[in-house]
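Colleague: Could you take me through one part of this model in close detail, and then place that part in the chain as a whole?

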Amino acid sequence: METPRVGIPDHLAVRMTMAEQHEYLRTKLTRRGMLRAGAATAGTVAGLGVLGGAGAYAGPTLGPTLIDAPATARVDGSVVAPFGRHLAFGADPKTQMRISWQVPFAVKDPFVRVGLEPWDLGLRVAAEVRALHTPALSKKLPAVDQVYLHAALDGLSPGRTYYYGVGHTGHDPADPRHFATIGTFRTAPESAERFVFTAFGDQGVSYDALANDQLILGQNPAFHLHAGDICYADSSGGGKPTDVYDARVWDQFLAQTESVAARVPWMVTTGNHDMEAWYSPNGYGGQRARWTLPDNGFDPRQAPGVYSFTYGNVGVVALDANDVSYEIAANTGYTGGRQTAWLDRRLRKLRGRRGIDFLVVFFHHCAFSTTKAHASDGGVRDAWLPLFEKHQVDLVINGHNHVYERTDAIRGRRVGRKVPIGGSFDGARDGIVYVTAGGAGKALYDFPVPDSYEGRVKDLDGIASYHWGKGRVKRPETVEWSRVRYTGFSFLAVEAEPGRHPRLRVTALAESGARVDYFEVTRSGAEKN
């Protein structure tokens with residue numbers, strides 16, 4: 001691997017945390033005069049109440065440790081085309097939507113137009129500017145300046161389809177010449193109804209990633225969950241001072257994903273490849289510049305990938321597993337236990353909420369996997385499994401291992417109920433199914449045993465594997481819970497059905513569109529909700 005130009009000495013590089021790496025890079029590069037003069041904070045936060053909304057959106061603003069190059073240079077706006085549009089829910093998907101996009105140069109007065117018809121985009125909402133400067137972190141990489149724009153729409157009506165266009169002075173989406181750029185989104189319904197959501201992790205930029213995106217669009221999902229390792233600008237992902245990240249890869253990723261993310265809320269969390277030490281002490285400053293996510297986590301400024309939302313009869317919780325990982329320790333313990341305490345409170349609140357039948361949690365590092373590459377992370381097990389079981393989580397979705405793997409229903413780290421392909425389990429009685437959905441587009445890993453999936457079932461009584469212990473020690477274990485294994489590009493499609501007998505129908509689809517796994521989650525006593 002190429003050594004960064006900043007040249008962190010070997011005796012310092014050993015076991016440096018992300019915060020220590022950030023401090024070293026900032027100090028070293030500042031002394032070399034690489035920071036631009038006149039660094040400024042983010043532009044004015046815009047996002048007044050929309051369509052009857054009451055207050056302004058107080059989303060995360062970006063401080064001087066993140067924005068080092070204010071977007072002052074401007075070109076004629078008529079020759080600048082927005083790209084990389086991506087949606088995300090606010091804390092309330094019934095009434096809030098966040099629209100984000102990118103421009104190649106700074107523009108004047110960026111905005112979003114919104115309306116209930118494509119030819120009537122009468123409402124105009126100003127956008128927040130988040131400019132991002134990345135210095136030349138290696139001899140082969142140039143310095144990069146990027147401009148990201150974000151608009152907050154509040155006060156929307158539940159269950160409505162809206163049309164929107166993004167623009168700036170010189171480029172108005174209401175102009176007939178730009179009619180083809182108009183996008184749509186739909187808010188969550190007022191009351192629970194059948195819907196589909198999709199999920200995967202470890203996407204990156206590739207033909208396979210693009211193919212998965214198009215298959216996802218065909219599912220007509222209400223939203224998509226991305227379980228971390230988003231674009232792989234940091235190709236190493238070791239959380240080490242020798243990691244080098246190419247900020248231009250983010251441009252490629254957002255352009256690739258726009259065909260889906262411009263109409264399907266793309267709800268991301270954070271993986272090990274998403275820690276980029278230059279931008280902020282925990283490495284998430286780059287993510288905060290590019291995404292606006294629900295701000296109801298324990299600290300949205302510190303951990304943008306930690307939040308929750310409800311849609312229909314499903315409560316969804318996003319977590320940052322870098323905080324508890326034993327395998328990759330650059331950010332282990334950075335929240336001082338606050339994320340885990342927040343998780344306990346949030347799961348308790350969601351489980352007690354009337355109308356919520358199922359709890360789905362997604363994060364990056366695997367609680368249960370048998371691949372040769374990363375296997376299982378004991379840190380995740382120690383910190384969070386007791387809480388998942390305490391509050392009867394139904395489904396956990398991970399990435400990290402670039403395969404598809406699915407467990408039986410697990411209770412107390414053991415099989416509570418075998419769930420064969422096409423099988424069913426009761427989340428309240430039998431335990432939790434853990435799914436590794438890391439086949440989104442990056443190079444695939446492999447298993448120590450043969451694949452086992454629909455049409456090619458090879459059930460095994462036991463598999464020799466391991467999990468990561470404290471001190472990054474591999475601890476051997478023989479597991480019985482690995483029910484489905486598929487070495488191929490794939491994603492999850494989950495159909496939620498409310499009612500007296502609610503259910504989640506979970507399907508794993510290969511890049512070819514072929515089904516490789518399916519099972520069903522039910523809830524006993526759900527009618528009491």
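**Histidine 400 and its surroundings**

Modeller: Happily! Let's begin with histidine 400, which is buried, with a relative accessible area of 2%. Buried here means under 20% relative accessible area, exposed means over 50%, and partly exposed lies in between, with a 1.4 Å probe and protein chains only. Please keep in mind that this is a predicted model, where local features need pLDDT of at least 70, side-chain atom pairs count only at pLDDT 80 or more, and totals for chains, interfaces and linings use all residues. Residues are numbered from 1 along each chain as its sequence is written, and side-chain values use heavy atoms, leaving out hydrogens and water.

Histidine 400 lies in the loop between β16 and β17 (404-407). Strands are DSSP runs of E of at least two residues and helices are runs of H or I of at least four, numbered from the N terminus. The backbone of histidine 400 has a positive phi of about 70°, although the residue is not a glycine. Most residues other than glycine have a negative phi. Arginine 413 also has a positive phi without being a glycine, at about 65°. Arginine 413 sits in the loop between β18 (409-411) and β19 (414-417), and with 38% relative accessibility it counts as partly exposed.

Now follow the two strands that flank the loop of histidine 400. On one side, β16 (residues 395-398) pairs with β14 in the parallel sense over 3 bridges; strands count as paired if DSSP finds at least two bridges between them. In this pairing, isoleucine 397 of β16 stands opposite phenylalanine 362. On the other side of the loop, β17 runs antiparallel to β24, joined by 4 bridges, with threonine 407 facing serine 482 of β24. Strand β24 (residues 482-486) is mostly covered, as 5 of its 5 residues are buried.

From β16 the natural next step is β14 itself. This strand is mostly covered, with 5 of its 5 residues buried. Cover reaches both faces: Phe358, Val360 and Phe362 are buried on one side, and Leu359 and Val361 on the other. Besides β16, strand β14 has β13 as a parallel partner, over 5 bridges. There, valine 314 has phenylalanine 358 of β14 as its bridge partner.

Between β13 and β14 comes helix α6, and together β13, α6 and β14 make a right-handed β-α-β unit. Right-handed means that, with the strands pointing away from the viewer, the path from the first strand over the helix to the second runs clockwise. The 14 residues of α6 (residues 338-351) should span 20 Å at 1.5 Å a residue, and the end C-alpha atoms are indeed 20 Å apart, so the two agree. The expected span is 1.5 Å times one less than the number of residues. The buried residues of α6 are Gln339, Thr340, Trp342, Leu343, Asp344, Arg346, Leu347, Leu350 and Arg351. An α-helix has 3.6 residues a turn, so residues three or four places apart point the same way. Among the elements covering the buried residues of α6 are β12 (307-311), β13 (314-318), β14 (358-362) and α7 (378-390).

Finally, the wider setting. The protein chain comes to 7 helices and 27 strands. Of its 529 residues, 60% count as buried. Contact means heavy atoms within 4.5 Å, and among contacts between residues at least 6 apart in sequence, 74% join residues at least 24 apart. The accessible surface is about 19,600 Å², with 50% of it belonging to carbon and sulfur atoms; the areas come from the Shrake-Rupley method with a 1.4 Å probe, and for residues only the protein chains shown count as cover.

As for confidence, pLDDT is the predictor's confidence in each residue, from 0 to 100. The chain averages a pLDDT of 89, and 88% of the residues score at least 70. Residues 1-5 stay under 50, and the model has 18 contacts for them beyond four places in sequence. Residues 33-73 likewise stay under 50, with 108 contacts beyond four places in sequence. Where pLDDT is low, the predicted coordinates should not be read in detail.
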